[in-house]
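Here are my comments on the model you sent round. They are meant to be read with the structure open.

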Amino acid sequence: MSLQGRWLLGDPTDSQGQEVDDPWQFKAGCPVQIETRLKIPIDHPGSPLDYSLAGVGNTPIVHKRVANIFAELAPDDVQLLPVDVDGQSEPYCILVATRLIRCIDDNASEEVRYWKPEDGRSEKVGKYRGVSGMRIDPTKIGGTKVFRTWGWTIALIVSEDVKDALERARVIGAKFEEVTGPSAISPEERDRNRKLLALRDETDVAREAFWRTLGKLDDEVIIPIVVGGNWPARRQVWRVIHRPEGRTLLVTDGLSDFFVDRAEPSVGFGLELALETDEPLGDVEKSWPLLLLERVGNELAEHESVREKVKVGFLSMEVAGQGVPEPLLTKEGRVGVLLGMESSMLPRRFTMPAGEVRLVTVKVLMPAELAYLLDHGKRGRDELVRRFAQEGQEHLSRAWRQAVV
């Protein structure tokens, strides 16, 4: 995606425009059986690439001149399926690597993670969950020039002469990373990475077990496009929990991570945020409650003084209101929230292996409620909390309601 203005291709379809049943088959490391000529839709128009990964299946789509290079140098290792790309007169093919080799060198690679029984994906147990800084064992390759790696078929491996030929042809869209030779990290770095992985696994298992006590936890996690920031382990994650009576609970999942630069057990900032609503959200990832939770979470991550206050009591805050429903916006285009309001519906704390974590509720305020709180201070806040409880709202956040003042 670093190539500006490039096209984005979708998953292969049949002649009637129906997506193929298994878009992942083209990178499984074995021949495919396709009886009809496939079409490739263009999901986002732009400059064509000689080498593209199409759709959720990351299907390799190559221009005919690229296909010719593979056919010449590795005819026994590939299957080339002619396809029609929408609006293109130039010929293209699906590139299928037909060989799958178990050759990843765990010890030489920067980081490897395996699926475990407790991950709840029995069909994946024993396979790689993640591979970084991959190194392979060349002694297991033989004369193969193009293949997929067993257990981690995301990787498409080509020999040096294939790479050189593609570069001489000035193929646009392909990027190469070396997977042989000395490891990119030292033994000390690898040992530290293993410690971090163990901490991450221990933290994730404990926190997920707690989330599941609150309702039905979505298996999918929400991660921003740009990750990092000031969160303890440099990973920003949000989880979605479905609760009775149509309520949806959104929580941060990482403010209680260990500090990655220390590589020792801890509960990070010692808190996680929770925003619950009973309004329909549609696409949760694009919903205003998630936007709000993200902004509040980042404010807490950036300001220690704010974190310390909210860990022991109440706190009101204003954040940017872009993308938030108009009834919640102040005249300045901001949104007020009340943090730390206790609720009979949620526990105040939960226990992690490294200590206790406070679950901090996020209650969105109507502009009139925010103004009332700012005018009356602590007494105004206490009165708001009393009225919320009296009306049966407690910590629930709603965009479409009457103010209680």
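The points below run from the whole chain to single side chains.

1. **Status of the model.** This is a predicted model. Please read every distance and angle here in that light.

2. **Overall make-up.** The protein chain has six helices and 20 strands. Its C-alpha atoms fill a box of roughly 80 × 50 × 35 Å along the principal axes. There are 405 residues, and 47% of them are buried. The accessible surface comes to about 20,600 Å². Carbon and sulfur atoms account for 49% of that surface.

3. **Contacts along the chain.** Take the contacts in the protein chain with a separation of 6 or more. Of these, 63% are between residues 24 or more positions apart. Some of the pairs below give examples of links between separated parts of the chain, including R243 with E276 and W7 with Y92.

4. **E276, the place to look.** E276 sits in strand β16, which covers residues 271–277. Is E276 buried or exposed? It counts as buried, because its relative accessibility is 0% and the cut-off for buried is under 20%. Its side chain still has polar partners. One polar contact, of 2.9 Å, runs to the side chain of R247. Another, of 2.6 Å, runs to the side chain of H395.

5. **The salt bridge at E276.** Which residue meets E276 in a salt bridge? It is R243, with an N to O distance of 2.6 Å between the side chains. R243 lies in strand β14 (residues 238–243) and E276 in strand β16, so this pair ties together parts that are 33 residues apart in sequence. Both partners are buried.

6. **The wider surroundings of E276.** Setting aside neighbours within four places in sequence, E276 touches R243, R247, T248, L249, L346, H395, L396 and S397. So the list holds R243, the salt-bridge partner, as well as R247 and H395, the two polar partners named above.

7. **Salt bridges within helices.** The whole structure contains 31 salt bridges. One of them joins the side chains of E208 and R212, at 2.9 Å from N to O. Both residues belong to helix α3 (residues 187–213). They are four residues apart, which means a separation of about one helical turn. E208 is partly exposed, with a relative accessible area of 25%. R212 is also partly exposed, at 40%.

8. **A second helical pair.** D382 and K378 meet in a salt bridge of 3.0 Å, N to O. Helix α6 (residues 367–390) holds both, again four residues apart and about one turn of the helix. D382 is partly exposed, with a relative accessible area of 32%. K378 is exposed, at 56%. Elsewhere, salt bridges that share partners join D204, R207, R235, D253, D257 and E272 into one network.

9. **Aromatic pairs: W7 and Y92.** The structure holds eight aromatic pairs. In one, the rings of W7 and Y92 have centres 5.7 Å apart and planes at 55°, so the pair is tilted. What does this pair link? It joins distant parts of the chain, 85 residues apart. W7 is in the segment before β1 (8–9), and Y92 is in strand β7 (residues 92–97). Both W7 and Y92 are buried.

10. **Aromatic pairs: Y128 and W150.** Y128 and W150 pair edge-to-face, with 6.5 Å centre to centre and 75° between the planes. Y128 lies in strand β10 (residues 128–132), while W150 is in the loop between β11 (146–149) and β12 (152–158), so the pair ties together parts 22 residues apart in sequence. Y128 counts as buried, at 7% relative accessibility. W150 counts as partly exposed, at 23%. Together with Y114, these two residues form one aromatic cluster.

11. **Arginines over rings.** W150 has a further neighbour to check. R102 lies over the face of W150, at 3.7 Å from the ring centre. Another arginine, R121, lies over the face of W115, at 5.5 Å from the ring centre.

Definitions and conventions:
Residues numbered from 1 in each chain as written. Predicted model: local features only at pLDDT ≥ 70, side-chain atom pairs only at ≥ 80, totals over all residues. Heavy atoms only, no water. Helix = DSSP H or I, 4+ residues; strand = E, 2+ residues; numbered from the N terminus. Buried < 20%, exposed > 50% of the residue type's maximum accessible area, 1.4 Å probe, protein only. Polar contact = N/O pair within 3.5 Å; in protein donor to acceptor, adjacent residues only side chain to side chain. Contact = heavy atoms within 4.5 Å. Salt bridge = Lys/Arg side-chain N within 4 Å of Asp/Glu carboxyl O. Phe/Tyr/Trp six-rings, centres within 6.5 Å; stacked < 30°, edge-to-face > 60°. Lys NZ or Arg CZ within 6 Å of the ring centre and 35° of its normal. Areas by Shrake-Rupley, 256 points an atom, 1.4 Å probe, with all protein chains shown as cover.
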